[in-house]
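Me: I should like to learn how burial and strand pairing are read from a model. Please take one feature at a time.

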Amino acid sequence: MASVLYLGGLGRSGTTLLERTLGELPGVVALGEVVHLWQRDVRDNERCGCGTPFADCDFWARVGAEAFDGWAGVDVARVLRLRAAVERTRHIPALARRRLGARRQADVLAYGAYYASVYRAAAAVTGARVVVDSSKHSALAHCLRWMRPGAIDLRVVHMVRDPRGVAHSWTRRVARPEAAGEEMTRYSPARSALLWSAHNAALGLLARRGVPLTLLRYEDFLADPAAAVGRIADFAGLPLRDGDLDFLEPDAVRVGVGHSAAGNPMRFALGRVALRGDEAWRTALPAGQRRLVTALSAPLLRRYGYPLRPAPVARQARHRADAPPAPRPAGDATGTGRGAAAAVRAGR
Ligand SMILES: [Zn+2]
């Protein structure tokens, strides 16, 4: 049975970049944010990561046929109803209890069964040993943990990023290329900090409920991607052989065509994608907002090893200033900046 690597974390923490990277490993199939598959893809036919509308993507057609005898067999309204009933952040305290009420349990299992079917089918049609779901939401992970062991072999990669960087990223305008005229949600720094604390605390709770979980700091992933990917492959039970990490460079990853169902624009990237953190927040996030975000996220900041007083210029950036300048697009390795768009253009 394939293991399911669930990438959890607040948005703008690098989960899409990690998902694309893991998708390059032999034996891994990366599905994008399956939580949005039902509405955005099955119902609204948005574009798959491969660039074609969902209904025309051969990969997803095969998954749908295997899982549900075709996507027409999925009652999307029912999935969304179940989702509204069980998979909300406010339901996490109930989901994290040692027992569920009978009604809630029935809904959680019915909802989780849709995901189990997608994971199983994706593994079956590709022969993959590891399925990656970058849905991020802590509430969904809390639902999936209730599935019996034979249904989903769930392992969570809990990805965190410095909340000041996350907050700055959430203030930026980002277009959604798959939906003309729409932009990704934006949050104020204070709201971002509160969400950061809530989501990360909720993900941490999974480990206390016995879910296999490993923490990965986005900054550590960027500093040594090969070490991070090797560690996660090991965590997923995926043995690596010589050459399996050849798609990784010290500061870039080469990605091929993927079929991420939903997620940020990084899912369309093709070719060489720089693994470089966006440190603009150190100077661009106003000092008052930086202090506010720090205060709101202080308890978990310490736990994850982030400084309460961040240096105005990252040590990594200073170090790299000695190296000859490489041509690079401006942007953010979380895939929401112009860097991702440039990578898409360059690769096509
Ligand atoms: Zn596709």
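Me: What covers the buried residues of helix α8?
Reply: This is a predicted model. The cover over the buried residues of α8 includes α9 (189–208), α12 (281–284) and α13 (287–304).

Me: How many of the residues of α8 are buried?
Reply: In general, an α-helix has 3.6 residues a turn, so residues three or four places apart point the same way. In α8, which spans residues 163–170, 8 of 8 residues are buried, and the helix is mostly covered. Among them are Arg164, His168 and Trp170.

Me: In what order do the strands of the open sheet lie?
Reply: The order is β6-β7-β8, with antiparallel pairing among the 3 strands. Because β6 (248–249) and β8 (271–274) each have a single partner strand, they stand at the edges, and one side of each lacks a neighbour in the sheet.

Me: How many bridges join β7 and β8?
Reply: Strand β7 (residues 252–255) pairs with β8 over 4 bridges, in the antiparallel sense. One residue pair shows the register: Val253 has Val273 in β8 as its bridge partner.

Me: Why is Ala252 classed as partly exposed?
Reply: A residue counts as buried if 20 or more other C-beta atoms lie within 10 Å of its own. Ala252, in strand β7, has 19 within that distance and is therefore partly exposed.

Me: Which residues does Ala252 touch, leaving aside those up to four places away in sequence?
Reply: Ala252 touches Arg272, Val273, Ala274 and Leu275. From Ala252 to Leu275 the separation is 23 residues in sequence, but 4.6 Å in space, C-alpha to C-alpha.

Technical notes
Residues numbered from 1 in each chain as written. Predicted model: local features only at pLDDT ≥ 70, side-chain atom pairs only at ≥ 80, totals over all residues. Buried ≥ 20, exposed ≤ 12 C-beta atoms within 10 Å, placed from the backbone. Helix = DSSP H or I, 4+ residues; strand = E, 2+ residues; numbered from the N terminus. Contact = placed C-beta atoms within 7 Å. Pairing = 2+ DSSP bridges.
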